[in-house]
Amino acid sequence: MAVKKFVVGLFDDEAVLFPAVKKVRTAGYKLHDVYTPFPVHGLDHAMGLRETSLHTAGFIYGITGTTTALSFMSWVFNVDWPLNIGGKPHFPLPAFIPITFELTVLFAAVGMVMTFCYLCQLMPGVKKHIFHPRQTDDKFVMVIELTEKTNAEEVKSFLAAAGAQDINEQKAEAGWWFGRYDKDDEPYLRKIQTANA
C-alpha cells in the first residue's frame with residue numbers, strides 16, 4: 001500500500017473543468033483522476049486515457065464459448081457416447097446451433113462483466129479513497145498526484161488560476177485496498193507506515 005500526496009481541486013462547472021484538464025496535461029502535471037457527477041463527453045481523451053479493450057475481450061470470450069460448445073457436443077456425440085439414431089449423422093450442426101449460440105452469449109456476457117469489474121476495480125470489500133464528499137454528487141473534482149519534482153504550492157496556484165474553487169492537499173492511498181468504510185483503517189495504516197520506516 002503506497003500512501004501518496006495529492007492536490008485536489010473542486011470545480012462547479014464542466015465548462016471550467018474541461019479546459020483545466022487540458023491545461024494540467026499541457027503543464028506536465030501527473031493527473032491522477034477526475035471525478036464527475038455525470039459522463040462528460042470527450043473528457044477521457046482530454047485526460048489522455050486510451051480506448052477501452054472491453055469489446056476485444058467480449059469477442060475473445062464469445063469465440064471461447066462457441067469453441068467450447070462445438071467441441072464438447074462433438075466429443076460427446078462422436079467419441080464419448082456415439083449413438084446411431086435412425087441413421088442420422090453424429091455431428092448434426094443445425095441441431096447444435098441453439099446451444100452454441102447460448103454458450104457464446106453466456107461466455108461473452110459473464111466474461112465482459114467480470115472484465116469490467118476488474119478494470120474498474122469493483123468488487124465486494126474494495127475500498128478507495130474519497131477525495132471530496134460531493135465528488136460524484138454535484139461537483140467536479142480533479143486530483144493531481146504530487147511527485148518529487150512537483151511543488152504543492154505551485155500546483156495549488158495553478159488550479160486556482162484554472163478556475164478551481166476549493167483546493168486542498170491530501171495524503172491518500174493511491175490504489176484500492178480491501179476494507180470497510182464503517183471501520184477506521186488509520187491504526188492499520190500507521191502500523192504499515194511504522195514498519196516501512
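These are my notebook entries on a predicted model, kept in the order in which I looked things up.

**Entry 1: the overall picture**

I began with the fold as a whole. The protein holds 6 helices and 6 strands. Reading from the N terminus, I noted the order of elements as β-α-β-α-α-α-β-β-α-β-β-α. Of its 197 residues, 30% count as buried. I then looked up how far along the chain the contacts reach. Among contacts with a separation of 6 or more, 78% are between residues 24 or more positions apart. The exposed surface comes to about 13000 Å², and carbon and sulfur atoms supply 62% of that area.

**Entry 2: helix α4**

Next I turned to helix α4, which covers residues 93–119. Does its length fit its residue count, and what are the two values to compare? At 1.5 Å a residue, its 27 residues should span 39 Å, and the end C-alpha atoms lie 37 Å apart, so the two agree. The helix does have a kink of about 30°, and I found its centre at Ile99. Just after the helix I noted Gln121, which follows α4 and has a positive phi, near 55°.

I also listed what is buried here: Phe96, Thr100, Ala108, Gly111 and Thr115. What covers these residues? The cover includes α3, residues 54–80.

**Entry 3: helix α3, the partner**

That sent me to α3, where I repeated the span check. Its 27 residues should also reach 39 Å at 1.5 Å a residue, and its end C-alpha atoms are 36 Å apart, which agrees. The buried residues of α3 are Leu54, Ala57, Gly58, Gly62, Gly65, Ala69, Met73, Ser74 and Val76. They pack against α4, so I read the pairing from both sides: α3 is part of the cover over the buried residues of α4.

For a distance between the two stretches I picked Leu93 and Met73. Leu93 lies in helix α4 and counts as partly exposed, at 42% relative accessibility. Met73 is among the buried residues of α3. The two are 20 residues apart along the chain, and their C-alpha atoms are separated by 9.7 Å.

**Entry 4: Thr115, a polar link**

I stayed with α4 and moved along to Thr115, which has its place in that helix. Is Thr115 buried or exposed? With 14% relative accessibility, and the cut-off for buried set at under 20%, Thr115 counts as buried. Its side chain is joined to that of Tyr61 by a polar contact of 2.8 Å. Leaving out residues up to four places away in sequence, Thr115 touches Leu54, Ala57 and Tyr61. Leu54 and Ala57 are themselves on the list of buried residues in α3.

**Entry 5: aromatic rings**

Then I went through the rings. How many aromatic pairs does the structure hold? I found 7 aromatic pairs. One of them is Phe77 with Phe96: the ring centres are 5.6 Å apart and the planes sit at 20°, so this pair is stacked. Phe77 belongs to helix α3 and Phe96 to helix α4, so to speak a link between distant parts of the chain, 19 residues apart. The two partners are not alike in exposure: Phe77 is partly exposed, with a relative accessible area of 38%, whereas Phe96 counts as buried at 3%.

Phe96 has another ring partner in Phe91. Here the centres are 5.3 Å apart and the planes stand at 85°, so I logged the pair as edge-to-face. Phe91 is partly exposed, with a relative accessible area of 37%.

Elsewhere, ring pairs link Phe6, Tyr35 and Phe131 into a cluster.

**Entry 6: Glu145, a buried acid**

My last stop was Glu145, found in strand β4, residues 140–145. At 8% relative accessibility, Glu145 counts as buried. Which side chain does Glu145 meet in a polar contact? The partner is the side chain of Lys4, at 3.3 Å. Setting aside residues up to four places away in sequence, Glu145 touches Lys4, Lys5, Phe6, Lys30 and His32. I was pleased to meet Phe6 again here, since Phe6 is also part of the ring cluster with Tyr35 and Phe131.

Methods:
Residues are numbered from 1 along each chain as its sequence is written. This is a predicted model: local features need pLDDT of at least 70, side-chain atom pairs count only at pLDDT 80 or more; totals for chains, interfaces and linings use all residues. Side-chain values use heavy atoms; hydrogens and water are left out. Helices (H or I, at least four residues) and strands (E, at least two) are DSSP runs, numbered from the N terminus. The expected span of a helix is 1.5 Å times one less than its number of residues. The bend at a residue is the angle between axes fitted to the seven residues ending there and the seven starting there. Buried means under 20% relative accessible area, exposed over 50%, partly exposed in between (1.4 Å probe, protein chains only). Contact means heavy atoms within 4.5 Å. Rings of Phe, Tyr and Trp (its six-membered ring) pair if their centres lie within 6.5 Å; planes under 30 degrees apart count as stacked, over 60 as edge-to-face and the rest as tilted. A polar contact is a pair of N or O atoms within 3.5 Å; within protein, one must be able to donate a hydrogen and the other to accept it, and residues adjacent in sequence count only if both atoms are side-chain atoms. Accessible areas come from the Shrake-Rupley method with a 1.4 Å probe; for residues, only the protein chains shown count as cover.
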